[in-house]
Amino acid sequence: MAIASSKEFSIQWGGRTLSISVGQLAQQANGSCVVRYGDTVVLCTATLGEVKEGADFFPLSVDFEERMYAAGRIKGSRFIKREGRPTDEAVLSGRLIDRAVRPLFPDALRNEVAVVATVFSHDQQNDADIPGLIGASCALSISNIPWTGPIAAVRIGRKDGNFIVMPTYAETDLGELDLVVAGTPDKTLMVEAGAKRIPEDVMLEAMKFALQQLGPVIDLINQVVAAVGKKKIDPSAPKDEDEAAKRKEIEEVHEKARAFLQTKKNVLFAEPLKQKTDRKAAVVRLKKELASHLQELQISKDNRKRAEEVVDAFVEEEITNQILQEGKRADGRSLTQIRDLGAIVGVMPRTHGSGLFQRGSTQVLTSVTLGSPGMEQTLDTMEYQMTKRYFHHYNFPSYSVGETKGNRGPGRREIGHGALAERALMPVTPDRETFPYTIRVVSEVLGSNGSSSMGATCGSTLALLDAGVPIQAPVAGIAMGLASDEKTGRYQVITDLQDLEDGAGGMDFKIAGTRDGITAIQMDTKTSGLPWSVVEQTFKQAKQARMEILDVMEQTIATPRAELSPYAPRIESFHINPERIRDVIGPGGKVINEIIATHNVQIDIEDDGLVMVTAVNPESMEKAVAWIKQLTREVKAGEVFEGRVTRILDFGAFVEILPKVEGLVHISELAPTRVAKVDDVVKIGDMVKVLVFEIDSMGRLNLSIKRLDPQYKPGAAPERPPRDRKSGGFAGRH
């Protein structure tokens, strides 16, 4: 069978060609396309599966697959050469796509849908996540899968006050903004950003600029849809009469359930639902009462079970209605009120720094560990090989939400939340020259009821300050929510989102930053997109909330501790001549390993001669540093040393004045009087005091013993011993 030809569509965008080709690859998927930007190429597919029986959620999976060959690289591990579990970067890219496309699927869809973006070529300049998101939008749009796109996405950078469309890696690294926006020119669906303390007005300007760049990409996708798009299926349409009858029966049960629940409105909010457990208890109580009511109506057990899903939707709708109609929240707070805040530091006795942050029933304990520069994390990904000296890990045990699931290691959620908190603090962490430590931050979520990632951000600030890390400014974060009715256009932005408010028509808009500006943003929504007025109102309320949280945190600890924990290692840094690095290393690492083993220290040496010695014990540190400085000391003329005689030759003796550093004491420099034989004055192993009186043009050291004699006179000839007239020799010779 001949390989099919492809149809290609392209535009100029951000200074490069963006092209979409269809028809040649992955023909058995419901929708597939290849997106190319520069020499970065991504295959994107969308596949529809069968209905997941018994599911009360939409079973969507989004995967971002990195291939090392895409960048012409082989995996660095000596033992495992094929790609294994996704890297954290791949997980974050997959979550980026997922959060953008998920809101546009029908609420009632229960078919399994798989979206996969596979990177086939990577040019090391253009990140593959934006082409992957554009490709996912196109693949879904041309497929028969019900989805109300297309959407587009763009990355925006900023340098010297100018915005950059689709910046390269280098431009992003040198700039002050890394912003990704997905949606349409009129609606914002997803935002992800890292920034170097950018003010709110500048960030809003950047987001507005980003939305303006989406139109050409959406037009391009629409061209592809017009050429090869398939008719969308209706997943709600029954396959046959039996299924139609079954659905009708279920809908009748649902109607009876909704009618019963309407009588329970006042009961639902009789007491404020302040805790996650309150909300769970209310839902469980309603489900039991509904089941009892339906049983009295002689509804079958299976249909009673199916009717339970109405309860969750009812609770979410009532919470939204109460906010929109009365401006009142389920826990009794006003729309801009933050839950009770608490912050303490120094919680754990032996960690290098720790902080406990609490907002309502969201509670996060964060600890800091300081390590030597050599403890940096090495990243080996498709995109780059690099090291990382600040990293944040986030743990979310099941007991934090009152559940009993076992620990299966970090999942996509843990990786995503940890990366967000890490990104929020990165702009204020000290550079390596100021603070050469490797910094590991770990947040343990002990209780969760809304935005534990922002709790981890606040906890990180507390722990870093407690550890004495000289961060430039404290960072706090807040999650903003939304109650909205898209049919009427009514909405209310709510401050400090909690679990029961994150339902249909809502959003989770996290904004972190200092008093000066924003350091990180992450937003996703359960609407078809946020109007610009919602975005502006969110920024306004979020800034006010951030200041309130910073006030509480700074009452606990406002500046880094002056001293590190006594259990934290100390680092002494100094420079040596780069040409002397080999003297410290020694053959096969013999010398440096001896220093490490003798004094229980860690030693890191940079190519430019920067030496960093890490130790917990000050005495060990001092001795190790002295050893290295002795090994690499630059000898100067006029210095006096005590050294060991290592070799004797006819014309003089070699003396080791420093480790591996020898100089020659010429026979004429051994004594004030003439010397006939060198070993008449010194022997191998003798310790002698010598003066470096000359360093010749070849760097050789000329040493002298006689010049240290107080009676020595420069230029005076050595005294000859009296001649023995009988032997014809000199006196004192035997």
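**Figure 1. Partial exposure and backbone geometry of R197.** At 21% relative accessibility, R197 counts as partly exposed, because buried denotes a relative accessible area under 20%, exposed one over 50%, and partly exposed the range in between (1.4 Å probe, protein chains only). The model is predicted: local features require pLDDT of at least 70 and side-chain atom pairs count only at pLDDT 80 or more, whereas totals for chains, interfaces and linings use all residues. Residues are numbered from 1 along each chain as its sequence is written, and side-chain values use heavy atoms, with hydrogens and water left out. R197 belongs to strand β10 (residues 188–198); helices (H or I, at least four residues) and strands (E, at least two) are DSSP runs numbered from the N terminus. Although R197 is not glycine, its phi is positive, near 55 degrees. Most residues other than glycine have a negative phi, and most peptide bonds are trans.

**Figure 2. The buried loop residue D496.** The loop between β19 (490–495) and β20 (507–513) contains D496. With a relative accessible area of 0%, D496 is buried. D496 is a residue other than glycine with a positive phi, near 60 degrees.

**Figure 3. The cis peptide bond that precedes P150.** The bond from G149 to P150 is cis, and its omega is near 5 degrees. P150 is located in the loop between α2 (129–142) and β7 (152–159).

**Figure 4. The largest nonpolar core and the surroundings of L179.** A nonpolar core is a set of buried Ala, Val, Leu, Ile, Met, Phe, Trp, Tyr and Cys residues joined through side-chain atoms within 4.5 Å. The largest such core has 129 residues, of which W13, I20, F105, L179, M203, F509 and F539 touch the most other members. Helix α13 (residues 532–556) gives the most to this core, contributing 10 residues. A second core, separate from it, has 27 residues, among them L261, F314, I323 and A483. With neighbours within four places in sequence set aside, L179 is in contact (heavy atoms within 4.5 Å) with V154, R155, I156, V191, E192, A193, M203, A206 and M207. In soluble globular proteins, nonpolar side chains tend to be buried together.

**Figure 5. Strand residue T438 and its contacts.** T438 lies in strand β17 (residues 438–447) and is buried, with a relative accessible area of 4%. L370 is 68 residues from T438 along the chain, yet the C-alpha atoms of the two are separated by 5.8 Å. Apart from neighbours within four places in sequence, T438 is in contact with T369, L370, G371, S372, P373, M375, E376, R389 and F391.

**Figure 6. L290 and A291 in helix α8.** L290 is located in helix α8, and A291 lies in this helix too, which spans residues 276–296. L290 is buried, at a relative accessible area of 1%, whereas A291 counts as partly exposed at 24% relative accessibility. Not counting residues up to four places away in sequence, L290 touches A257, F260, A307 and V311. R644 is 354 residues from L290 in sequence and 95 Å away in space, C-alpha to C-alpha. For A291 and L43, the sequence separation is 248 residues and the C-alpha to C-alpha distance is 48 Å.

**Figure 7. The loop position of R102.** R102 is placed in the loop between α1 (88–101) and β6 (111–121). Its relative accessible area of 32% makes R102 partly exposed. Beyond neighbours within four places in sequence, R102 is in contact with F58 and L60. The C-alpha atoms of R102 and L189 are separated by 9.6 Å, with the two positions 87 residues apart along the chain.

**Figure 8. The chain as context for the close-up views.** The chain holds 16 helices and 31 strands. Its radius of gyration, taken over C-alpha atoms, is 36 Å, well over the 27 Å that the globule rule (2.2 Å times the number of residues to the power 0.38) gives for 734 residues, so the chain is more spread out than a compact globule. Along the principal axes, the C-alpha atoms fill a box of roughly 140 × 65 × 50 Å. Of the 734 residues, 50% are buried. Among contacts with a separation of 6 or more, 69% join residues 24 or more positions apart.
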